[in-house]
Amino acid sequence: MSSVEGTNLFNYTKEAEGRKVSYSTSGGNKVVNEGDTTLFKKADEAMGKDQFLTLLVAQLQYQDPLNPAEDTQFVAQLAQFSQLEFTQNSTAAISSLAENMQAFMDMQNMQAQSITNASATPLLGKEVRVMETSFDYSGMDGREFNIHLTEGNKNGTVLIKDPDGNVVAEIDVSADSIKGGDVEMKDNQGKIIPVKWDGLDKDTGNKCLGGKYTIEVMNATGAKAAGYAYKDGIVSGVSFNAGGAALTINDSQFGLGYLVNVKDPEKV
């Protein structure tokens, strides 16, 4: 005699596919039709609450009348069903919440982007200052920089790094006072000269190769930023892309996040 008698509904495997479910009545065996065995065909896959309940009903329907399932077993299986239903409902709720939060964040980003784009257009034709954090080096000549030290830093060190992140130059700079300000270097005759990198690697003395270089201005210990390199120029164009609005200054593009200040034409 073959009957559905497991203690746990999750223990059925595909072995059940080759069996007919039957039970004994009046000394004979009745074979359940082939369609009923489809309940077990996906028993080793993830089971939903509907499949679980169907399987539980089938177990009760085809149990051995002479050896029925115990009450404790039935209660345990109902508890499993309740836990499964709760888990699935919680998962669905969390998934719905995540989708709603993502939609809200996308909307907020679009609104913020619109505000940012709207604030960029009035800068056309204005003289502005933007931070310069990187530059394209040709590998031929040196490079001049404008450096600003932030308040509280009278001295700083300009670090230039190659495309691999190696420091190839260290240039000491200073401002007139602890209040910081724009750096004005002077030669032996007292003439103001720009901060300049000669294009050589400080360790090898060799000419550095061309590529994308970065520039940082650190304090004496190198522990934190003490200023920044900058460019002054007229905004000749504004472009919009996935990264936000960008200002075109001297044929180079700078994101709005690099904007330091906008000069008042009446005070220039």
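Analyst: Buried means under 20% relative accessible area, exposed over 50%, partly exposed in between (1.4 Å probe, protein chains only). This is a predicted model, in which local features need pLDDT of at least 70, side-chain atom pairs count only at pLDDT 80 or more, and totals for chains, interfaces and linings use all residues. Residues are numbered from 1 along each chain as its sequence is written, and side-chain values use heavy atoms, without hydrogens and water.

User: Are Tyr137 and Tyr213 buried or exposed?

Analyst: Tyr213 has a relative accessibility of 2%, so it counts as buried. Tyr137 shares that description, and the answer for both is buried.

User: How many residues apart are Tyr137 and Tyr213?

Analyst: Their aromatic pair (ring centres within 6.5 Å; planes under 30 degrees stacked, over 60 edge-to-face, the rest tilted) is edge-to-face, with 5.4 Å centre to centre and 80° between the planes. Tyr137 belongs to strand S4 and Tyr213 to strand S12 (strands are DSSP E runs of at least two residues, numbered from the N terminus), and the pair links distant parts of the chain, 76 residues apart.

User: What kind of pair do Trp197 and Tyr213 form?

Analyst: Trp197 is in strand S11 and Tyr213 in strand S12, so their pair ties together parts 16 residues apart in sequence. The ring centres are 5.6 Å apart and the planes lie at 45°, so the pair is tilted.

User: Which residues do ring pairs link into a cluster?

Analyst: The whole structure holds six aromatic pairs. One of the residues involved, Trp197, counts as buried because its relative accessibility is 2%. The cluster linked by ring pairs consists of Phe135, Tyr137, Phe145, Trp197 and Tyr213.

Definitions and conventions: Helix = DSSP H or I, 4+ residues; strand = E, 2+ residues; numbered from the N terminus.
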